[in-house]
Amino acid sequence: MNNKNGTIIIFVVLVAVLAAAYMLLTKGKEKPVNAPVSTPSEEMIVETETSESPSDLPKDTSQEKFTPKIETIEINIKAQNFSFEPREIKVKVGETVKINLENVEGFHDLVIDEFNVAIKQIGAGQTDIIEFTADKAGEFEYYCSIGNHRAMGMVGKLIVEE
Ligand SMILES: [Cu+2]
């Protein structure tokens, strides 16, 4: 009977010790569980920081897209007795117009009053160049200002489109 009581007491003590040990282990396990939770949050902060720096790069490329373009239109006009070839020129508002005037025969010039364009008188076989900005829309006349050439039909039409 005493031996049985002794074994029961030892068994109870063992159970109590095991229970206490289990309690300590479970409490000890809870702390390591919290620690790994904090490390992913730190990684997420690092990820958000790195994601901000690539977002700055598209801003720089968008600024490059807004670089303005200056269009230069080159037009060859032939002058002869007594007409221009071509008789009609079409450009767009804001374009820089470069006129290459080639005189085939006689003495001629080229004038556009509204744009202060005036190619000086040139002889047969000569060429001259003038550049201006078509800064207003409409239809304008270019003509030869020598003698009565304008009245004889040495005119052309400059169309500046919106
Ligand atoms: Cu002329």
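**A walk through the sheet, the copper site and the salt bridges**

In this predicted model, four strands form an open sheet with mixed pairing, in which the order is β2-β1-β4-β7. The edges of this sheet are taken by β2 (83-85) and β7 (127-133), and because each of them has a single partner strand, one side of each is left without a neighbour in the sheet. From one strand to the next, the twist averages 25°. In general, the strands of a sheet pair through backbone hydrogen bonds, and they do so either parallel or antiparallel. Strand β4 (residues 96-103) pairs with β7 in the antiparallel sense, over 7 bridges, and a reader who wishes to locate this pairing can start from Val97, whose bridge partner in β7 is Phe132.

The copper ion is the next stop. Its protein donors are the ND1 atoms of His108 and His149, the SG atom of Cys144 and the SD atom of Met154, which lie 2.0 to 2.8 Å from the ion. Along the sequence, these donor residues follow the spacing H-x35-C-x4-H-x4-M. His108 belongs to strand β5 (residues 108-112), whereas Cys144 sits in the loop between β8 (138-143) and β9 (155-161), so this pair ties together parts that are 36 residues apart in sequence. His108 has a relative accessible area of 0% and is therefore buried, and Cys144, at 1% relative accessibility, counts as buried too.

Why is the arrangement of the 4 donor atoms around the copper ion irregular? Four donors count as tetrahedral if all angles lie between 85 and 135 degrees, but the angles subtended by the donor atoms here run from 79 to 137°, which makes the arrangement irregular. For orientation, the ideal angle for four tetrahedral donors at a metal is 109.5 degrees.

The strands that flank the loop holding Cys144 also lead to the charged side chains. Side chains of opposite charge can pair when their charged atoms come close, and the structure holds 2 salt bridges. In one of them, the side chains of Glu139 and Lys157 meet at 3.6 Å, N to O; since Glu139 lies in strand β8 and Lys157 in strand β9, this pair ties together parts that are 18 residues apart in sequence. Glu139 counts as exposed at 55% relative accessibility, while Lys157, at 35%, counts as partly exposed. A salt bridge also joins the side chains of Glu141 and Arg150, at 2.6 Å from N to O. Glu141 is partly exposed, with a relative accessible area of 31%, and Arg150 is likewise partly exposed, with 38%.

Methods: Residues numbered from 1 in each chain as written. Predicted model: local features only at pLDDT ≥ 70, side-chain atom pairs only at ≥ 80, totals over all residues. Heavy atoms only, no water. Donors = N, O, S within 2.8 Å, 3.2 Å for Na, K, Ca; no water. Tetrahedral: all angles 85-135°; square planar, octahedral: opposite > 155°, others 65-115°. Helix = DSSP H or I, 4+ residues; strand = E, 2+ residues; numbered from the N terminus. Buried < 20%, exposed > 50% of the residue type's maximum accessible area, 1.4 Å probe, protein only. Pairing = 2+ DSSP bridges. Axes fitted to C-alpha atoms, helices over the stretch in contact; angles between N-to-C directions. Salt bridge = Lys/Arg side-chain N within 4 Å of Asp/Glu carboxyl O.
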